[in-house]
Amino acid sequence: TREMTVLDLLVHRSGLSLGAGDLLWFHSNYSREEIVRRLRWVPLANSFRSTYNYDNVLYAAAGFVVQAASGRTWEEFVRERIFAPLQMTSSLTGVADLRPGDVAAPHGMVAGRLQVVPLDTADALGPGGSIVSNVVDMAAWVRVQLDSGRIDAGHRLWGPAQTVDLWTGRITTSPPRGANLAMYALGWNVYDFRGYKIVTHTGGLAGMISRVMLIPQLRTGFVILTNAESSAMG
């Protein structure tokens, strides 16, 4: 605990196993504080900083760092410092904020047939995956990423140096087909593909799968939002 930094939280090199602690938040009644507190009893699978293992709960812990530094909850901070300046007016920090009819119905395979499945939630996890958005708002997020945090001529969310930090790989991961090297950066998967740097991340809950992909050299980005479980999305 004394050795772990915020960077360690964000690049999944804690030594915990893949998805460690997920059963603490998935369809549970634990508060976010209790979920993070109970993570201390999950045994380590690897030595510290030696191996990449994706772990959602580490991002919930990082959310408390945001709260300690800003004096705002993670939800308040995201709404004030990201959603508002980018005019992401349809984006929410959790399913609990949805109004009836606001969201596409999730679909999954049940008994061999594609059917509507109950709407899932990661609200207890918060920073680890609870944001609800649409393609218009996510396009604004992609634009600000590709322009190094610049909103307009006089306003930035961050600067070019921070973009370099965000997209710098910190620990190696398994490269996808066609890539030579893949790494995990600060909340992003980065790898090479035919001479281009790819910056990407996926999201998924029951019946919903998403991907954001950036190709910085081409100043191009993609947002793919699906309301069905399918390997075709990948």
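**Strand β9 and its surroundings**

Colleague: How many bridges join β9 to strand β10 (residues 220–226)?

Modeller: This is a predicted model, so local features need pLDDT of at least 70 and side-chain atom pairs pLDDT 80 or more, while totals for chains, interfaces and linings use all residues. Residues are numbered from 1 along each chain as its sequence is written, and side-chain values use heavy atoms, leaving out hydrogens and water. Strands here are DSSP runs of E, at least two residues, numbered from the N terminus, and two of them pair if DSSP finds at least two bridges between them. β9 and β10 run antiparallel, and the number of bridges joining them is seven.

Colleague: And on the other side, which residue takes a positive phi in the hairpin of β8 and β9?

Modeller: Strand β8 (residues 196–205) pairs with β9 in the antiparallel sense, over seven bridges. V199 sits opposite L214 of β9. The hairpin has two residues between the strands, and the positive phi, near 75°, belongs to G207.

Colleague: Why is β9 largely enclosed by the rest of the structure?

Modeller: Buried means under 20% relative accessible area (1.4 Å probe, protein chains only). β9 spans residues 208–215. It's largely enclosed because, of its eight residues, the number buried is six.

Colleague: R211 is buried with no salt bridge, so which side chain of opposite charge is nearest?

Modeller: R211 lies in β9, and its side chain makes a 3.0 Å polar contact (N or O atoms within 3.5 Å, one able to donate a hydrogen and the other to accept it) with that of T200. A salt bridge would put a side-chain nitrogen of Lys or Arg within 4 Å of a carboxyl oxygen of Asp or Glu. Lys and Arg count as positive, Asp and Glu as negative. At 14 Å, the nearest side chain of opposite charge is D192.

Conventions:
Helices (H or I, at least four residues) and strands (E, at least two) are DSSP runs, numbered from the N terminus. Buried means under 20% relative accessible area, exposed over 50%, partly exposed in between (1.4 Å probe, protein chains only).
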